[in-house]
Amino acid sequence: MTSSFSNLSLAEPLARAVAEMGYETMTPIQEQAIPVVLQGRDVMGAAQTGTGKTAAFALPLLQRMMKHENASTSPARHPVRALVLLPTRELAVQVAEQVKFYAKYTNLNSAVVFGGMDMKPQTAELKKGVEVLVATPGRLLDHIEAKNAVLNQVEYVVLDEADRMLDIGFLPDLQRILSYLPKQRITLLFSATFSPEIKRLASSFLQDPVTIEVARSNATASTVEQHFYSVGADDKRRALHQILKARGIKQAFVFVNSKLGCARLARSLEREGLKTTALHGDKSQDERLKALDAFKKGEVDLLVCTDVAARGLDIKDVPAVFNFDVPFNAEDYVHRIGRTGRAGASGLAVSFAASSDQRLVTDIEKLIKTKIEIEPMEFEEDQPRKEQGRINDGRRMYRETGEQAPREADAAPRERREPRERREYAPRPAARDPFFDKPYESTLAPEAQPAWEEAAKSTSSRSSVSANIKPKKKVAALFKTAA
DNA sequence: AAAAAAC
């Protein structure tokens, strides 16, 4: 029997917010996780994308915090009692909004801190006193080091998208953050994907955890129709146009593997008449938030993005996801296509696989335990390919039709060009630098060292390679090219 | 083969 939120006997202020949200029946992950979190147990929770994981931890957490209000401190001060960590800034914003909504009738304050934006307003917010802090790792460390955030009274830590937070790129920051927290605390990990290694690593962060798996982890939502088409790189745009048209798709995520590819594709599609915006990590944070907002409001139809948008983003009724490139990690496939088919809605996921992507497709097949047929892409006849080539006067022409492209001035207005972006796309070859001749020294703060060493011991050899070794590899590469 | 996360 599925149970409703009303049987939960949530505190009245929370029940009111839940009702306002329109929630009635709990999703399976909510049904299973909420009672366990209310008991104060550590949790490792896996559930498919789009099934309400945020509410599954936020509601019971707020409920407990209301019950044990100011248990450990004087009422005059508001120390951070719950910390929620996320792997991208946009996700931090989204989760913070949700937490704020659930807590709106309680006395609990919440705030969000993330990089790419001015420190000052965040600092001011923190000084007011915040019980629930939502954050991305780097900026949180900044605030900790600036003594804007004191975390020694944290009772709850949530790692959302936990497998990402524990991966090699985030682990050092995460370790440092955890080293500032009391050892006695409740830790909650949530994700749609958990590899066996990550599960093992995760258990070293948890005390006697309850594992909740409402579906096999790594499972895709059954409401998403998935297709793989065999398409060469040059035909992908044509294929995209055709499928959008044939299936009458109004809005879609279009995932690309690199930031440069993302910026280029967005520009091409815009020029080809599609309402498009790009979201990737080389844009300013302001532009990132604006791009996402425009897509949410339906002002643009296509969000061309990197994996910055692969996880967690909850946008209602997006009917389709395109993998313009097959993702390098099979897990990212699960997360990417999880942007559609949310909350029981139906969705379409279309991936373009070049022949060189065969291995990646096999990886995905293994992960989701589903046979993938790569279908041939059949193009409608007499649709001339409009490939553009440079001609002498610098103007462009369409190769196959011979038709000349409009002058820049006549063309549709482009997005404002960013000089910064261009610089980063054309890095100069690295010069030999005396720095690299010195042995690498850890830049970790001394107080973080023990935690770091502990992590190195407890993780697999692959994970322990992280921050210390990488620079050495670079050194080796430099010597090779120099020799 | 890349992206993300701090200045």
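**Pockets, DNA contacts and salt bridges**

Me: How many residues line the second largest pocket?
Reply: This is a predicted model. In the second largest pocket, Tyr23, Gly52, Gln98, Asp314 and Arg342 lie nearest the centre. They belong to a lining whose full count is 40 residues.

Me: Which element gives the most to the lining of the second largest pocket?
Reply: Two elements give two or more residues to this lining, helix 3 (53–67) and helix 4 (89–102). The top contribution is seven residues, and the element that gives them is helix 4.

Me: Why does the second largest pocket lie between domain 1 and domain 2?
Reply: The space in this pocket is about 980 Å³. The pocket lies between the two domains because its lining takes residues from both of them, domain 1 (5–213) and domain 2 (224–405).

Me: How many charged residues are in the lining of the second largest pocket?
Reply: Sorted by class, the lining has 14 nonpolar and 15 polar residues. The charged class has 11.

Me: Which residues come nearest to DNA strand B?
Reply: There are 22 residues around DNA strand B. By class, this surface has five nonpolar, 12 polar and five charged residues. Those that come nearest are Arg89, Arg139, Lys259, Gly281 and Arg288.

Me: Which helix gives the largest share of the surface near DNA strand B?
Reply: The largest share amounts to three residues. They come from the helix spanning residues 137–145, which is helix 6.

Me: What percentage of the atoms of DNA strand B within 4 Å of the protein belong to sugar or phosphate?
Reply: Two contacts to phosphate oxygens can be named: the side chain of Arg89 has an N or O atom 2.9 Å from one, and a backbone N or O atom of Lys259 is 2.5 Å from one. Among the strand atoms within 4 Å of the protein, those not in sugar or phosphate belong to bases. The sugar or phosphate part is 70%.

Me: Which residue has a side-chain N or O atom 3.1 Å from a base nitrogen of DNA strand B?
Reply: Here the strand atom is in a base, and the protein atom is an N or O of a side chain. The residue at 3.1 Å is Asn329.

Me: How far apart are the closest N and O atoms of the salt bridge between Glu20 and Lys104?
Reply: The count for the model is 22 salt bridges, one of them joining Glu20 and Lys104. This pair links distant parts of the chain, 84 residues apart: Glu20 is in helix 1 (residues 12–21), and Lys104 is in the loop between helix 4 and strand 3 (110–113). The closest N and O atoms of the bridge are separated by 2.6 Å.

Me: What is the volume of the largest cavity?
Reply: The whole structure has one cavity of 30 Å³ or more. Lining the largest cavity are Phe57, Ala58, Leu61, Leu62, Val84, Val99 and Val132, with no polar and no charged residues. Helix 3 gives the most to this lining, four residues. The volume of the cavity is about 50 Å³.

Terms used:
Residues are numbered from 1 along each chain as its sequence is written. Chains are lettered from A and ligands numbered from 1 in the order in which they are written. This is a predicted model: local features need pLDDT of at least 70, side-chain atom pairs count only at pLDDT 80 or more; totals for chains, interfaces and linings use all residues. Side-chain values use heavy atoms; hydrogens and water are left out. A residue is near a molecule or strand if one of its heavy atoms lies within 4 Å of it. A polar contact is a pair of N or O atoms within 3.5 Å; within protein, one must be able to donate a hydrogen and the other to accept it, and residues adjacent in sequence count only if both atoms are side-chain atoms. Ala, Val, Leu, Ile, Met, Phe, Trp, Tyr, Cys and Pro count as nonpolar, Asp, Glu, Lys and Arg as charged, and the others, Gly among them, as polar. On a 1 Å grid over the protein atoms alone, a cavity is a set of points where a 1.4 Å probe fits but cannot get out, and a pocket is an open set with protein on both sides within 12 Å along at least five of seven lines; lining residues have an atom within 4 Å of a point. Grid points are joined across faces, edges and corners, and a volume is the space filled by probe spheres set on the points. Domain bounds come from an automatic or database domain assignment. A salt bridge is a side-chain nitrogen of Lys or Arg within 4 Å of a carboxyl oxygen of Asp or Glu.
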